[in-house]
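Me: I would like to learn how to read a model of this kind, feature by feature. Could you take me through it, giving the general idea before the particular case?

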Amino acid sequence: MTTARVATTPPQAPPSTPAPTIPSRHPDGPCKIPIGLRLVGPLLGLRKPDRELFRHLGELLTIGDEPADRLVEWMHTAGMARSRPLFERALVNGIDSIDDAPAPLREFFTEVETVPTWVDRDLIEKGARVMRSGGADGLYVARDVALLGGYHSRRARTHGSPRPPSGPPTSSPKTVCCHRESVTGRRCASA
């Protein structure tokens, strides 16, 4: 049985770089956290971000997703009436379900359906069993505290990189799941 490690130092923002414009939807400071989450957060190693880190999180809102941006550009150019049904079909059934799929659609889904070699399916299933065992309260804590806190700390560690590194995640638990798997319950194509 392994135990979770609690962070001993608060997360830090990466070294300063020229600051991009922070979108107005990002508040000036962290919002008030409900008492229950304030009690659970430290047990999960989550700390309140300092002012510099919170500003950095606002800057991250300006980072896009280049593969998705290319796909959306193609979808608008080709027309949504034609491209959206193809996208939906690929999302539910996989890109191989579409004969002669347009290149931009095939490129996007080939990238997002490829499962990295470090993914451990048994660990994913173990994590899924743990998540299901907690009921609605467990899901609330896992989603709103652990998952969002994990994104927060991962972004800070990777200096705002929009794409994760190719190795396994460094935060515990090491679970990864494709979006299509979570939506449809079907496994993604193996790498």
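Me: Which pattern does the protein chain follow when it is read along the sequence?

Reply: This is a predicted model, and, read along the sequence, its protein chain follows the pattern α-α-α-α-α-α-α-α. The secondary structure comes to 8 helices and 0 strands. Among contacts between residues at least 6 apart in sequence, 67% join residues at least 24 apart.

Me: What does the pLDDT come to on average, and which elements of the protein chain have the lowest and the highest mean?

Reply: Where pLDDT is low, the predicted coordinates should not be read in detail. Here the protein chain averages a pLDDT of 74, with 65% of the residues scoring at least 70. Among the elements, helix 4 has the highest mean pLDDT, 95, whereas helix 8 (residues 179–184) has the lowest, 40. Two stretches call for caution: over residues 1–7 the pLDDT stays under 50, and the model has 6 contacts beyond four places in sequence for them; over residues 159–186 the pLDDT also stays under 50, although the model has 57 such contacts for that stretch.

Me: Which residues touch the most other members of the largest nonpolar core, and which helices each supply at least two of its residues?

Reply: In soluble globular proteins, nonpolar side chains tend to be buried together. In this model the largest nonpolar core has 13 residues, of which Leu 71, Phe 87, Ile 95, Ile 98, Leu 105 and Phe 109 touch the most other members. Helix 3 (66–78), helix 4 (80–93) and helix 5 (103–113) each supply at least two residues of this core, and the largest share, 4 residues, comes from helix 4. To follow one member outward, take Leu 71, which, leaving aside its neighbours within four places in sequence, is in contact with Phe 87, Pro 104, Leu 105 and Phe 108.

Me: How much of the protein chain counts as buried, and does Glu 113 count as buried or exposed?

Reply: Of the 191 residues of the protein chain, 27% count as buried, and the chain exposes about 13200 Å², of which carbon and sulfur atoms supply 58%. Glu 113, found in helix 5, counts as buried because its relative accessibility is 9%, and the cut-off for buried is under 20%.

Me: What does the side chain of Glu 113 reach?

Reply: For a residue of this kind, one can look for the polar partner of its side chain. The side chain of Glu 113 reaches the backbone nitrogen of Ile 95 at 3.3 Å, and Ile 95 is itself among the core residues that touch the most other members.

How values were computed:
Residues are numbered from 1 along each chain as its sequence is written. This is a predicted model: local features need pLDDT of at least 70, side-chain atom pairs count only at pLDDT 80 or more; totals for chains, interfaces and linings use all residues. Side-chain values use heavy atoms; hydrogens and water are left out. A nonpolar core is a set of buried Ala, Val, Leu, Ile, Met, Phe, Trp, Tyr and Cys residues joined through side-chain atoms within 4.5 Å. Buried means under 20% relative accessible area, exposed over 50%, partly exposed in between (1.4 Å probe, protein chains only). Contact means heavy atoms within 4.5 Å. A polar contact is a pair of N or O atoms within 3.5 Å; within protein, one must be able to donate a hydrogen and the other to accept it, and residues adjacent in sequence count only if both atoms are side-chain atoms. pLDDT is the predictor's confidence in each residue, from 0 to 100. Accessible areas come from the Shrake-Rupley method with a 1.4 Å probe; for residues, only the protein chains shown count as cover.
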